[in-house]
Amino acid sequence: MDVKAAVKAIRQGDVSPVYLLYGTEKYQMNEFTSLMEDQLLQKEERDFAIVHYDLADTPIQEVVEEAEMIPFMVQRKLIFVRDASVFTAGKDSGKVEHRMESLLEYISNPAEYSVLIFLVNNEKLDERKKVVKAVKSAGTVLSFMPMGSDELLRWIEKKAKQRECSFATGAAEMLVRNAGTQLQTLAAEVDKLCLYAGSGGTVTTDIVDRLVARSTEQNVFALVEEIANLRLDQALGIFYELLKQKEEPIKIAALIARQFRIILQVKDLGGQSYSQQQIASQLGLHPYAVKIAGEQARKFQPNQLKAILSRLGDLDYQMKTGAIDKVLGLELFLLRLAG
């Protein structure tokens, strides 16, 4: 079952006794848990009907006891449990002894008045564990992973529509380039942009450019994009803006090196027929970042990228040893790169 199907089921009153939510996209996971609270509980019930545990400091058998205990003053309770390693391949810290047989027994005969929701901020579950197999069999397992690049842009446009405004062509993409891919940040920026555009208004690329400031990382991302397109004036403009913001040249050089390293890795994996999602998983990147790196990679040959990284390594050494002025060294690097 996917998240959309799970949401539909909950709204129709079809609720699983146990949910296992896992993945790295915390914002969407939090949205889902908020929806559960809204759909399954009245506001005045929540003080008595919501319980939180963390398996890093609470044994699983205590959670099971809570689930088996009849709720006080409410018909149903939601028990949110943050997982340390019960469902994953990570090593247990050993601070808490979990008697997993108690959870397995509970899953086979859950209380009708409790809903157990396990929250696992991890990319993968350990499919070999009995408890994972048990939840898959008797409950609902949902994955919350970063969206693909196109899906992310549609998500932004959907958020804007919910706020009664729209994004002009290219505006959603510019927002991601300026603000990054974190959904929490993007949601806040969409709120701000739609407030500025007004009800029924349109957010243009110009509005995004004026209202959404780029982080240092996003500025470096844009700088590399300008280099890839041989727009030296724009690249230097971004570099000088970073200097005005008191950014350390050594840090800027390190971020430039990181982006070129990503471009080389994406080019290499793409040449081995890896998909965008597979590359993102392999490199620990958001799929949108992989998409842009892939576009940049087409403008360089592998030997060019390796030479650039070699020059950046030399520049890093020269800047740290005082062999060259840091600002001048980066300027000369950019000039040579675009030459």
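This report walks through the overall build of a predicted model, three of its helix pairs and a few individual residues.

## The chain as a whole

Let's start with the broad view. The model is a prediction, and its chain contains 17 helices and 7 strands. Measured out along the principal axes, the C-alpha trace spans about 70 × 50 × 40 Å. The accessible surface of the chain is about 17,800 Å², and carbon and sulfur atoms contribute 47% of that area.

How much of the chain counts as buried? Of its 339 residues, 48% do. Contacts along the sequence are also worth a look: among those between residues at least 6 apart, 76% join residues that are at least 24 apart.

## Helices H1 and H2

Near the start of the numbering, helix H1 covers residues 3-11 and helix H2 covers residues 26-40. Their axes come within 10 Å and cross at roughly 15 degrees. An angle under 35 degrees counts as roughly parallel, so H1 is roughly parallel to H2. The crossing of this pair is right-handed.

Which residues of H1 and H2 meet? On the H1 side they are Val-3, Ala-6, Val-7, Ile-10 and Arg-11, and on the H2 side Phe-32, Leu-35, Met-36, Gln-39 and Leu-40. Sorted by class, the residues of this contact are 8 nonpolar, 1 polar and 1 charged.

## Helices H4 and H5

The next pair joins H4, which covers residues 60-68, with H5, which covers residues 100-108. Their axes lie 8 Å apart and the packing angle is about 30 degrees. H4 and H5 are therefore roughly parallel to each other. H4 passes H5 in a left-handed crossing.

H4 brings Ile-60, Gln-61, Val-64, Ala-67 and Glu-68 to the contact, while H5 brings Met-100, Ser-102, Leu-103 and Tyr-106. The classes here are 6 nonpolar, 2 polar and 1 charged.

## Helices H13 and H16

Further along the chain, H13 (residues 249-271) packs with H16 (residues 302-321) at an angle of about 160 degrees, and their axes are 10 Å apart. Are the two helices parallel or antiparallel? Angles over 145 degrees count as roughly antiparallel, so H13 and H16 are roughly antiparallel to each other. Their crossing is left-handed.

In this contact, H13 supplies Pro-249, Ile-250, Ala-253, Ile-256, Ala-257, Phe-260, Arg-261, Ile-263, Leu-264 and Lys-267. Facing them in H16 are Pro-302, Leu-305, Lys-306, Ile-308, Leu-309, Leu-312, Asp-316, Met-319 and Lys-320. By class, the contact of H13 with H16 has 14 nonpolar and 5 charged residues, and no polar ones.

H16 also holds Asn-303. With a relative accessibility of 54%, Asn-303 counts as exposed, because the cut-off for that class is over 50%. From Asn-303 to Asp-206, the C-alpha distance is 37 Å, and the two residues are 97 apart in sequence.

## A buried valine in strand E4

Val-115 sits in strand E4, which runs over residues 114-120. Is Val-115 buried or exposed? Its relative accessibility is 3%, so Val-115 counts as buried.

Leaving aside residues up to four places away in sequence, Val-115 touches Val-15, Ser-16, Pro-17, Tyr-19, Met-36, Arg-76, Lys-77, Leu-78 and Ile-79. One of these, Met-36, also belongs to the H2 side of the contact with H1. For a sense of distance across the model, the C-alpha atoms of Val-115 and Gln-234 are 55 Å apart, with their positions 119 residues apart along the chain.

## Two residues with positive phi

Most residues other than glycine have a negative phi. Against that background, Met-73 has a positive phi, near 70 degrees. Where is Met-73? This residue lies in the loop between helix H4 and strand E3, which covers residues 77-82. Met-73 is exposed, with a relative accessible area of 61%.

Ser-273 likewise has a positive phi near 70 degrees. The loop that holds Ser-273 runs between H13 and helix H14, residues 276-283. At 65% relative accessibility, Ser-273 counts as exposed.

Terms used: Residues are numbered from 1 along each chain as its sequence is written. This is a predicted model: local features need pLDDT of at least 70, side-chain atom pairs count only at pLDDT 80 or more; totals for chains, interfaces and linings use all residues. Side-chain values use heavy atoms; hydrogens and water are left out. Axes are lines fitted to C-alpha atoms, for helices over the stretch in contact, and angles run from 0 to 180 degrees between N-to-C directions. Helices (H or I, at least four residues) and strands (E, at least two) are DSSP runs, numbered from the N terminus. Angles under 35 degrees count as roughly parallel, over 145 as roughly antiparallel, 65 to 115 as roughly perpendicular and the rest as oblique. A crossing is left-handed if the near helix is turned anticlockwise from the far one by less than a right angle, and right-handed if clockwise. Contact means heavy atoms within 4.5 Å. Ala, Val, Leu, Ile, Met, Phe, Trp, Tyr, Cys and Pro count as nonpolar, Asp, Glu, Lys and Arg as charged, and the others, Gly among them, as polar. Buried means under 20% relative accessible area, exposed over 50%, partly exposed in between (1.4 Å probe, protein chains only). Accessible areas come from the Shrake-Rupley method with a 1.4 Å probe; for residues, only the protein chains shown count as cover.
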